[in-house]
Amino acid sequence: MRSDEVAERSFQDLPPSSSYETAMEALSSLIYSVKHGDRSSIDGTTSGRYGKLERMHIYLKMLSLEEHIAGLKIIHVAGTKGKGSTCAFCEAILRECGFRTGLFTSPHLIDVRERFRIDGLDISEYKFLQYFWDCWNQLKEKIMEDLPMPPLFQFLTLLALKIFVCEKVDVAIIEVGLGGELDSTNVIKETLVCGISPLGMDHTEILGNTLAKIAFHKAGIFKHKVPAFTVPQPSEAMDVLQRRASKLMVPLQVASPLDPEKLNGVKLSLSGDHQFINAGLAVALCRCWLQSTRNSEELFENNSSDFPEEFLKGLSTAHLAGRAQIVHDIIKGSSCGDLIFYLDGAHSPESMEVCAKWFSSAVKEDNISSSSFGNEKMKESLSNCAGQHRKQNFEGSKRISKQVLLFNCMDVRDPQILLPQLVNDCASSDAILEENCKKDKSVTSTFDGSLFGDSPQKCNPSEGHFACSAVIPSLSLTIKWMRDSVKKNPSVRVQVLVTGSLHLVGDVLKLLRR
């Protein structure tokens, strides 16, 4: 393709050692500050005389993509919770069915290339740079005073469409960024099927302060007569979805959560009971996509079980970092210290409830299974000393388990709403955060930065210290404190829940992998 030739020249013009850094600097220049609650972040009315989607269409024309994206066979997914997991399940299922897949999700945790997957893998640095500089240079040449370079997410959306077109994917699975109707991804006018994952109260300063208003935005991705699926929703939200679907003659169906008894012993690769809801939606979307592309007969005609083998394999291998992820930290200078991180990017009251239940269940399972070498399938090891770790854990029942909460949230969210939800749900599930948080509600209002339990020696109920907490100047110092604590206390298993923000989760993963 001519565009690839342009990209190749652009790539060669840059020193190999600095080209990726230069691309990241260019991307950073697209981050424009927006006042919190400013609706321009969703409708883009303050950027020149064009609205966001109108600008997106112009950018597509500048990149000569408008006609090409009409040929993409797209699954488009919006929602408050679980839309990323739903997309990950869809990608894995259809890849196992033999299709070349493209997946666009957000945000990234460590590297921006995580947002663009081809056949289940992050796009390579070399190809990323080719497509990046091709898009960048074409737009730079054609921008005008009233049509500047697109903001970050708009540019990344355009880049994703460019990548999927040039990589000739069979299916493009695209996760909405924020809302739906006015989201940058809704520049897509033709999809094969749409999905709405569980809805809840998030981004209320932009989408509205009721479920009905939020549902209205999410349903904006519906297309005339194009099938759509959702999951069981609160009646306030479901009524809006059904009304909007009816106006567009959209056949809207409710996908039931998967029944684990019908999975032939297969376990979902993404942890937590809530993933049965997301997986159920993904299965419905994939079935519909296969029917629309006339690829379903061969998969289902000779299959006696509820799910084809390809579906089961996809459900058991899908991956999405930072969502109910467990990481064993390996500490230098110790014999594989027992420091375990439970990472989940929950950032709304509803997702906090789900996170608390998952953490409670995962910690109990880990404490029980540690004496029998653990359930390794759930864990990600950062080095090869798993054998030592198992040996150390053999007497797991004799160890003391201490739970730590590492919390931070963006300033558009209220920690006094999120933290009580987390603490109360943990307490109702016999949880582990009870010692640190339950008895002192001031914790939720005192700390709006990184919150974690202090050393056990400083927790003395007789002195009135029910909540052992502290604010640390930096995340790196926090991780160092935890590692030092484990080194000094080899008989203690430290289990750290990291939540409140995907940005926090990503920063922790970066530090753990250094």
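Let's start inside this predicted model, at its largest nonpolar core, which has 45 residues. The residues with the most contacts inside this core are Phe116, Phe128, Phe132, Phe155, Leu159 and Phe164. Six elements each give two or more residues to the core: the helices H2 (19-28), H4 (52-62), H7 (125-142) and H8, together with the strands E3 and E5 (171-175). The largest share, 10 residues, comes from H8. In soluble globular proteins, nonpolar side chains tend to be buried together.

Phe132 is a good place to look at this packing in detail. Setting aside neighbours within four places in sequence, Phe132 is in contact with Ala23, Ala26, Leu27, Phe155 and Leu159. If you move away from this region, you will find a second, separate core of 40 residues, which includes Phe99, Phe276, Val283 and Leu320.

Helix H8 deserves a visit of its own. How many of its 15 residues are buried? The count is 13, so H8 is largely enclosed by the rest of the structure. The geometry of H8 (residues 152-166) can be checked too: at 1.5 Å a residue, its 15 residues should span 21 Å, and the C-alpha atoms at its ends are 21 Å apart, which agrees. Just after H8, Lys168 takes a positive phi of about 55°.

Now turn to the sheet. Strands of a sheet pair through backbone hydrogen bonds, either parallel or antiparallel. Here, 8 strands form an open sheet with mixed pairing, in the order E4-E3-E2-E5-E1-E6-E7-E8. Which strands stand at the edges? They are E4 (121-122) and E8 (252-254); each has a single partner strand, so one side of each is left without a neighbour in the sheet.

Follow the sheet through E1 (residues 74-78), and you can trace its pairing on either hand. E1 and E5 run parallel and are joined by 4 bridges, with Ala172 of E5 as the bridge partner of Ile74. E1 and E6 also run parallel, joined by 4 bridges, and here His76 has Cys194 in E6 as its bridge partner. Going on from E6, the pairing with E7 is in the parallel sense over 3 bridges, and Ile196 stands opposite Thr230 in E7.

E6 is worth a closer look for its surroundings. Both faces of this strand are covered: Val193 and Gly195 on one side are buried, as are Cys194 and Ile196 on the other. Thus Cys194, the partner of His76, is itself a buried residue.

The loops hold a few backbone features to pick out. Between strand E2 (101-104) and strand E3 (116-118) lies the loop that contains Pro107, and the peptide bond from Ser106 to Pro107 is cis, with omega near -5°. Further along, His203 sits in the loop between strand E6 (193-196) and helix H9 (204-207). Its phi is near 55°, a positive value in a residue other than glycine. Is His203 buried or partly exposed? With a relative accessibility of 24%, His203 counts as partly exposed, because buried means under 20%. Lys225, in the loop between helix H10 (211-218) and strand E7 (228-230), has a positive phi of about 65° although it is not a glycine.

Next comes Gln275, a residue of helix H12 (residues 275-292). Its relative accessible area is 2%, so Gln275 is buried. What does its side chain meet there? One polar contact, of 3.2 Å, joins the side chains of Gln275 and Ser85. Another, at 2.9 Å, links the side chain of Gln275 with that of Asn278. Leaving aside neighbours within four places in sequence, the residues in contact with Gln275 are Ser85, Phe89, Leu268 and Leu270.

Finally, step back to view the whole chain. The chain has 21 helices and 15 strands, and buried residues make up 53% of its 514 residues. Among contacts between residues at least 6 apart in sequence, 75% join residues at least 24 apart. The accessible surface comes to about 22,700 Å², and 50% of this belongs to carbon and sulfur atoms.

Terms used. Residues numbered from 1 in each chain as written. Predicted model: local features only at pLDDT ≥ 70, side-chain atom pairs only at ≥ 80, totals over all residues. Heavy atoms only, no water. Buried < 20%, exposed > 50% of the residue type's maximum accessible area, 1.4 Å probe, protein only. Polar contact = N/O pair within 3.5 Å; in protein donor to acceptor, adjacent residues only side chain to side chain. Contact = heavy atoms within 4.5 Å. Areas by Shrake-Rupley, 256 points an atom, 1.4 Å probe, with all protein chains shown as cover. Expected span 1.5 Å × (residues − 1). Core = buried A, V, L, I, M, F, W, Y, C linked by side-chain atoms within 4.5 Å. Pairing = 2+ DSSP bridges.
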